[in-house]
Amino acid sequence: MKILLAEDEPDLNNIIAKKLKLEGYTVDTAFDGEQAIEKIDDKPYDVIILDIMMPKFDGFCVLSTIRGNNINTPVIFLSAREHVGDRVRGLDLGASDYIVKPFSFEELIARIRAVLRQSGGKASALITVATIQIDTASRVVRKEDKLVPLSAKEYAILEYLMTNINTPLSREQIQEEIWGDEDHTSNMIDVYIRHLRKKLDPDCEYIQTVRGVGYMMKR
């Protein structure tokens with residue numbers, strides 16, 4: 001699941017992004033409205049989290065712009081502006097939810113899950129490779145119809161592989177997608193791949209090593 005977080009306060013942006021990544025989400029960040037619009041135009045997201053009071057373009061302007069471009073990604077406003085008029089304006093522009101700061105991170109995660117359940121398309125897709133199936137909305141993994149518990153990072157790597165079927169992914173691509181700017185060695189990726197194989201693919205039939213590149217999920 002890919003989330004865009006647009007928040008102009010650097011410390012808060014960093015804290016929220018790190019916590020979302022720990023929950024297994026892939027997170028891109030923007031620090032003003034112009035950056036947010038550029039990133040949304042550049043790639044699809046499953047959820048967009050917008051602050052309202054941002055430089056260049058405020059959150060209302062960002063939402064109005066992307067809706068005008070027929071981008072219907074669920075949007076959650078995260079703002080210190082608590083007036084009813086602001087909430088009504090945000091929802092009327094097409095936001096799925098509006099959370100007032102300060103907020104509980106657990107509440108934010110619950111709201112994200114809720115808008116993903118309500119939205120269609122990729123957010124509610126089942127992806128299946130042989131006997132392995134993931135539900136990208138609930139982030140539930142099954143093998144031969146039996147639930148398989150995964151850590152947040154294990155799930156994020158598995159989803160990235162399964163949404164890029166038959167495509168070799170380098171360790172650098174996996175690191176950037178899952179950890180972003182955080183500093184992790186490629187050995188850490190190898191450790192997570194071993195865990196996934198042990199739980200889902202002990203014969204390495206589907207989670208394959210691509211020599212000199214990285215890994216690939218083969219259908």
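Let's start at a single pairing: Leu-169 has Tyr-215, in β12, as its bridge partner. Strands here are DSSP runs of E, at least two residues long, and helices are runs of H or I, at least four, both numbered from the N terminus. This is a predicted model, so local features need pLDDT of at least 70 and side-chain atom pairs count only at pLDDT 80 or more, while totals for chains, interfaces and linings use all residues. Residues are numbered from 1 along each chain as its sequence is written, and side-chain values use heavy atoms, with hydrogens and water left out.

Zooming out a little, β10 runs antiparallel to β12 (residues 214-217), and two bridges join them; two strands count as paired if DSSP finds at least two bridges between them. They belong to an open, antiparallel sheet of three strands, ordered β10-β12-β11. At its edges sit β10 (169-170) and β11 (207-210), each pairing on one side only. Helix α6 (residues 152-162) lies across β10, β11 and β12, at about 70° to β12. That angle is between N-to-C directions, on a scale from 0 to 180 degrees, with axes fitted to C-alpha atoms (for helices, over the stretch in contact); contact means heavy atoms within 4.5 Å.

Now for the other sheet. This one is open too, but has five strands in parallel pairing, in the order β2-β1-β3-β4-β5. β2 (26-30) and β5 (97-100) are the edge strands with a single partner each, so one side of each has no neighbour in the sheet. From one strand to the next, the twist averages 20°. Five bridges hold β1 (residues 2-6) parallel to β2, and Lys-2 stands opposite Thr-26 in β2. Across β1, β3 (47-50), β4 (75-79) and β5 lies helix α5 (residues 105-118), at about 140° to β3.

How do the domains fit in? An assignment, automatic or from a database, gives domain 1 (2-120) and domain 2 (126-217). Eight residues of domain 1 and 10 of domain 2 make up the contact. Together the domains bury about 860 Å², 42% of it on carbon and sulfur atoms; buried area is the accessible area (1.4 Å probe) lost when two parts are put together, summed over both. Lys-21, Gly-24 and Thr-26 supply 48% of what domain 1 buries against domain 2, more than any other three residues.

There is one salt bridge between the domains, the term meaning a Lys or Arg side-chain nitrogen within 4 Å of an Asp or Glu carboxyl oxygen. Helix α1 (residues 10-22) gives the largest share of domain 1's side of the contact, three residues.
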